[in-house]
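Subject: Handing over a structure

Dear colleague,

I am passing on a structure that you have not worked with before, and I would be glad if you could look it over. What I found in it is set out after the structure itself.

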Amino acid sequence: MAKIDSELSRTFSEYLLLPNLTTREMNSENVSLVTPLVKYKKGREECPIQMNIPMVSAIMQSVSGDRMAIALARSGGLAFIFSSQTIESQCEMLVRAKKYKAGFVSSDSNLKPDDKLSDILKLKEKTGHSTVAITDDGSANGKLLGIVTSRDYRVSRLPSDARISEFMTPISEVVYGQEGITLSEANDIIWDHKINQLPILDDEGRMVAFVFRKDYDRHKENPAEFLDNHKRLMVGAGINTHDYKDRAPALIKAGVDVLCIDSSDGFSEWQKDTLNFIRENYGPDFPIGAGNVVDAEGFRYLAEAGASFIKVGIGGGSICITREQKGIGRGQASALLKVAAERDRYFAETGVYIPLCSDGGIVYDYHMALALAMGADFVMLGRYFARFDESPGRTLSVNGNYVKEYWGEGSERARNWQRYENSGDDGQMLFAEGVDSYVPYAGKLKDNVDTSLAKVSATMVSCGSLTIDEFQKKARLVIVSPTSIVEGGAHDVIRKDS
Ligand code: MZP
């Protein structure tokens with residue numbers, strides 16, 4: 001007969017946090033949301049990769065493309081570019097995000113010294129830009145020989161077939177910056193030399209980018225940015241347990257910082273095979289997450305197989321119908337509490353701390369705080385990020401409301417059969433485990449993330465904590481009754497805004 005676990009399967013909304021003493025030095029500005037991303041010997045060494053905020057974006061077509069990767073890393077978190085696309089297009093997205101440097105733009109107007117004034121005028125009409133890089137091969141990464149701006153020629157005085165080499169500002173007179181300088185260093189040079197644009201060159205004098213004076217304010221460096229050792233944004237990518245032998249090496253070659261195996265149910269030998277492949281070929285420390293699991297057994301299995309972090313949650317995603325279709329899963333809060341208890345036991349036994357990612361089911365901002373209190377080191381969000389400008393879905397007007405499209409990886413639309421075990425011999429999904437939906441449009445990622453994290457910090461302060469680690473240790477939770485949930489919202493008043 002089947003074993004029955006008599007503990008109820010509970011969701012975040014069934015819990016509340018109790019306040020602890022808030023001391024005078026505690027205010028939201030002193031809260032640190034820095035959090036470990038990969039396993040480490042806690043107490044004996046620093047975690048080698050720490051995020052500045054505890055948020056990652058879901059490995060989904062409707063959530064994590066290159067724009068999401070850039071916006072989220074700029075805010076301090078990490079996006080995992082979706083894997084339900086060809087290896088080539090996933091690598092292209094990754095490269096686009098890795099190349100991004102705030103305020104450093106690849107030159108879109110480039111010509112050769114032998115080209116004519118008429119070519120400059122045509123290009124200006126096409127791009128709307130008046131600064132042209134003159135390179136040996138006319139490309140955006142050629143050796144820079146000079147630049148042309150509208151100050152270098154007067155159309156009424158020069159014949160249209162005048163060669164660019166005759167009127168460009170030659171490289172000997174061009175002020176430029178060396179690759180590797182920061183945006184504020186570039187800005188200082190711009191101001192010191194009273195120029196409007198600064199070409200950035202590599203050691204061989206090849207064009208890398210332009211920094212424009214007018215862009216500086218828009219792109220001021222963001223202290224929370226999650227950066228690699230070369231000051232590039234950190235970018236993650238999903239892989240699956242089918243084509244990982246091709247996909248993972250291609251992504252690693254293209255510069256991925258962190259991989260994550262994307263499966264609905266991660267307690268499987270396929271996950272172990274995938275982790276083995278990475279460990280054998282890329283060593284014990286290459287950052288790779290695995291999951292998803294909902295209990296101690298699943299956690300142990302992936303921990304022993306070498307996962308760098310472990311994702312928790314099955315069937316709690318807002319677009320997910322796995323529980324309805326297969327009867328598999330566990331309430332997100334219960335899953336997290338079970339797995340976190342096992343993670344702590346594993347740490348006590350081995351000295352190795354494996355960060356947990358709570359994946360799916362975050363509806364309100366306070367759910368993020370609950371997830372952290374329950375032992376998650378960071379949360380993965382799909383619906384939340386799908387609402388923003390930077391997600392790949394279209395923005396539409398439906399019944400007078402702006403919405404964005406949000407579809408599950410197991411929906412008929414994404415048909416990500418590599419994520420599920422319900423595929424037939426031809427690699428096709430036999431039934432859907434997700435739906436296609438709309439979510440309310442919510443504007444820019446940064447504005448929303450800032451507000452959500454202000455709430456998380458305020459919750460931590462109420463619970464007498466300035467770090468996530470302290471919060472996990474001190475948090476006290478209670479289970480709420482259905483009537484006390486009603487009491488928690490505005491009640492027994494006529495709201496003016498309804
Ligand atoms: P949410 O933030 O929208 O609640 O949940 C996002 C999570 O749902 C993803 O990170 C992933 O684990 C899961 N997901 C993605 N697609 C499906 C599906 O089609 C799904 N069933 O469950």
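Strand β17, residues 356-359, pairs with β18 in the parallel sense, and 3 bridges hold this pairing. Please bear in mind throughout that this is a predicted model. Within the pairing, D359 has M380 of β18 as its bridge partner. β18 also pairs with β4, again in parallel, and 3 bridges join the two; here V56 stands opposite M380 in β18, so that M380 appears in both pairings, with D359 as its bridge partner in the one and V56 opposite it in the other.

These pairings belong to a closed barrel of 8 strands, which runs β4-β5-β13-β14-β15-β16-β17-β18 with parallel pairing. From one strand to the next, the twist averages 25°. Elsewhere in the barrel, β4 runs parallel to β5, to which it is joined by 2 bridges, and S57 stands opposite A79 in β5.

In a regular strand the side chains alternate between the two faces of the sheet. For β18 both faces turn out to be covered, with F378 and M380 buried on one side and V379 and L381 buried on the other.

Just before this strand lies A376, which is placed in the loop between α11 (365-373) and β18 (378-381). Is A376 buried or exposed? With 28 other C-beta atoms within 10 Å, A376 is buried, because a residue counts as buried once 20 or more such atoms lie within that distance. Leaving aside residues up to four places away in sequence, A376 touches L336, L356, C357, S358 and A371. One of these, S358, is 18 residues from A376 in sequence, yet the two are 5.7 Å apart in space, C-alpha to C-alpha.

Two helices that lie across strands of the barrel may help you to find your way. Helix α1 lies across β4 and β5, and runs at about 165° to β5, while helix α7 (residues 269-282) lies across β14 (258-261) and β15 (288-293), running at about 170° to β15.

Helix α1, residues 66-74, is mostly covered, since 8 of its 9 residues are buried. The buried ones are D66, M68, A69, I70, A71, L72, A73 and R74, and what covers them includes β4 (55-57), β5 (78-81), α2 (87-99), α12 and α13 (445-462). After α1 comes G76, whose phi is positive, near 110°.

Turning to the ligand, there are 22 residues around it, of which G317, C320, G382, G408 and G434 come nearest. The elements that give two or more residues to this shell are β18 and α12 (383-386). By type, the residues of the shell divide into 8 nonpolar, 10 polar and 4 charged. You will notice that β18 is thus found both in the closed barrel and among the elements of the ligand shell, and that α12 is also among the elements covering the buried residues of α1.

There is also an open sheet, in which 3 strands are arranged in the order β19-β20-β21 with antiparallel pairing. β19 (395-398) and β21 (436-440) stand at its edges, and because each has a single partner strand, one side of each is left without a neighbour in the sheet. The twist in this sheet averages 50° from one strand to the next. β19 pairs with strand β20 (residues 401-407) in the antiparallel sense over 4 bridges, and T395 stands opposite K404 in β20.

Finally, some figures for the chain as a whole. The chain has 15 helices and 22 strands, and its C-alpha trace spans about 90 × 60 × 55 Å along the principal axes. A compact globule of 498 residues would have a radius of gyration near 23 Å, and the 26 Å of this chain agrees with that. Buried residues make up 44% of the 498 residues. Among contacts between residues at least 6 apart in sequence, 63% join residues at least 24 apart.

With best wishes

Technical notes: Residues numbered from 1 in each chain as written. Predicted model: local features only at pLDDT ≥ 70, side-chain atom pairs only at ≥ 80, totals over all residues. Rg over C-alpha atoms; globule rule 2.2 N^0.38 Å. Buried ≥ 20, exposed ≤ 12 C-beta atoms within 10 Å, placed from the backbone. Contact = placed C-beta atoms within 7 Å. Near = placed C-beta within 6 Å. Nonpolar A, V, L, I, M, F, W, Y, C, P; charged D, E, K, R; others polar. Pairing = 2+ DSSP bridges. Axes fitted to C-alpha atoms, helices over the stretch in contact; angles between N-to-C directions.
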